[in-house]
Amino acid sequence: MKTINLSEVREKIREIVQKANFELQDDTLTVVKEMEAKEESPAGKSVFQQMLENAKVAKEEKLGLCQDTGLAIFFVELGEDVQLNKDDGLGSLKEAITEGTRLGYEEGYLRKSVVEDPIRRKNTGDNTPAYIHWELEPGDAFKVTFVAKGGGAENMSQIRMFAPAAGQDGIENFVVETVDTAGSNPCPPMVVGVGVGGNFEYSALLAKKALLRRPLGSQNPDPFYADMEKRLLERINNLGIGPQGMGGRCTALAVHVESFPCHIASMPAAVNIQCHSHRVLSFEL
Ligand code: SF4
């Protein structure tokens with residue numbers, strides 16, 4: 001049995017929401033640099049150079065990589081053998097994550113981007129609630145992955161319930177059409193998360209997970225999906241949208257696919273688009 005203090009969780013959250021918003025991580029920087037070297041369009045190349053300069057300044061001066069510092073989304077992998085110590089007045093893990101988010105966004109002067117009601121639109125003022133996805137697992141692991149998800153890219157995401165007869169082609173065409181329709185709106189070069197299978201809500205969650213499950217640009221461990229990712233990346237980069245829609249060969253930095261068993265009568269698919277400001281960070285305790 002492992003014991004974790006909730007105050008420690010709160011402090012780690014407070015730290016990573018800021019660090020993720022100030023610093024592009026090495027996997028993302030590596031792909032951006034590779035793409036910059038490959039980009040043929042002068043306008044597209046110049047956008048890449050500005051992105052790299054922006055990343056340098058944001059890190060040095062502790063400024064948000066983008067003014068849209070996003071919804072605070074967390075995936076929590078919680079081992080069943082972890083005991084949580086409710087210290088420092090914190091009553092639950094959810095409270096520790098919420099408090100860490102509130103303190104981190106406040107301290108880092110990060111924009112507060114949450115409204116308390118989708119129609120009445122009053123800002124909650126502290127970028128909470130945090131959006132938390134729980135995964136209960138055997139053992140004593142405790143891992144939290146944070147992603148700051150901007151509105152522009154999230155708005156261009158889509159989900160579709162296919163009949164199985166649509167086949168692999170149906171899904172691949174849907175992914176490419178979604179990116180094509182999005183155009184410059186999600187601030188390309190984007191990261192494309194694809195969820196295949198599950199059911200209606202699960203495919204959307206898979207698509208989000210696809211954005212942060214593996215280091216950016218790494219190969220899918222399943223050769224079938226590795227091929228699919230490669231083919232989709234090529235098709236997307238041939239759309240010609242380019243960095244920030246300025247034209248060019250680099251519309252996506254990566255395509256990552258996650259799959260899950262599904263009903264014999266369905267083939268759900270979801271596409272979650274992430275912008276070039278790919279702010280993802282994890283910690284383990
Ligand atoms: S889509 Fe991304 S880069 Fe564009 S404004 Fe939103 S957070 Fe910023």
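Q: Which residues surround the ligand, and where does the ligand lie relative to domain 1 and domain 2?
A: In this predicted model, the residues around the ligand are Cys-66, Gln-67, Asp-68, Gly-150, Gly-152, Ala-153, Pro-186, Cys-187, Cys-275, His-276 and Arg-279. Sorted by class, this shell comprises five nonpolar, four polar and two charged residues. Because domain 1 (2-20 + 65-149) and domain 2 (151-284) both give residues to the shell, the ligand lies between domain 1 and domain 2.

Q: Which element gives the largest share of the lining of the largest pocket?
A: The largest pocket, with a volume of about 310 Å³, is lined by 17 residues, and Gly-217, Ser-218, Leu-233, Leu-253 and Ala-254 are those that lie nearest its centre. Two or more lining residues come from each of helix H2 (26-38), helix H8 (223-237) and strand S8 (252-262). By class, the lining of this pocket divides into eight nonpolar, five polar and four charged residues. The largest share, five residues, comes from H2.

Q: Which element gives the most residues to the largest nonpolar core?
A: In soluble globular proteins, nonpolar side chains tend to be buried together. Here the largest nonpolar core has 27 residues, and those with the most contacts inside it are Phe-74, Val-76, Ile-97, Phe-142 and Phe-146. At least two residues of this core are supplied by each of helix H1 (6-22), strand S2 (71-79), helix H4 (93-107), strand S5 (142-149) and strand S10 (279-284). The element that gives the most to this core, with seven residues, is H1.

Conventions: Residues numbered from 1 in each chain as written. Predicted model: local features only at pLDDT ≥ 70, side-chain atom pairs only at ≥ 80, totals over all residues. Heavy atoms only, no water. 1 Å grid on protein atoms, 1.4 Å probe; cavity = no way out; pocket = protein on both sides within 12 Å on 5 of 7 lines; lining within 4 Å. Points joined across faces, edges and corners; volume = space filled by probe spheres on them. Helix = DSSP H or I, 4+ residues; strand = E, 2+ residues; numbered from the N terminus. Nonpolar A, V, L, I, M, F, W, Y, C, P; charged D, E, K, R; others polar. Near = heavy atom within 4 Å. Domains from an automatic or database assignment. Core = buried A, V, L, I, M, F, W, Y, C linked by side-chain atoms within 4.5 Å. Buried < 20%, exposed > 50% of the residue type's maximum accessible area, 1.4 Å probe, protein only.
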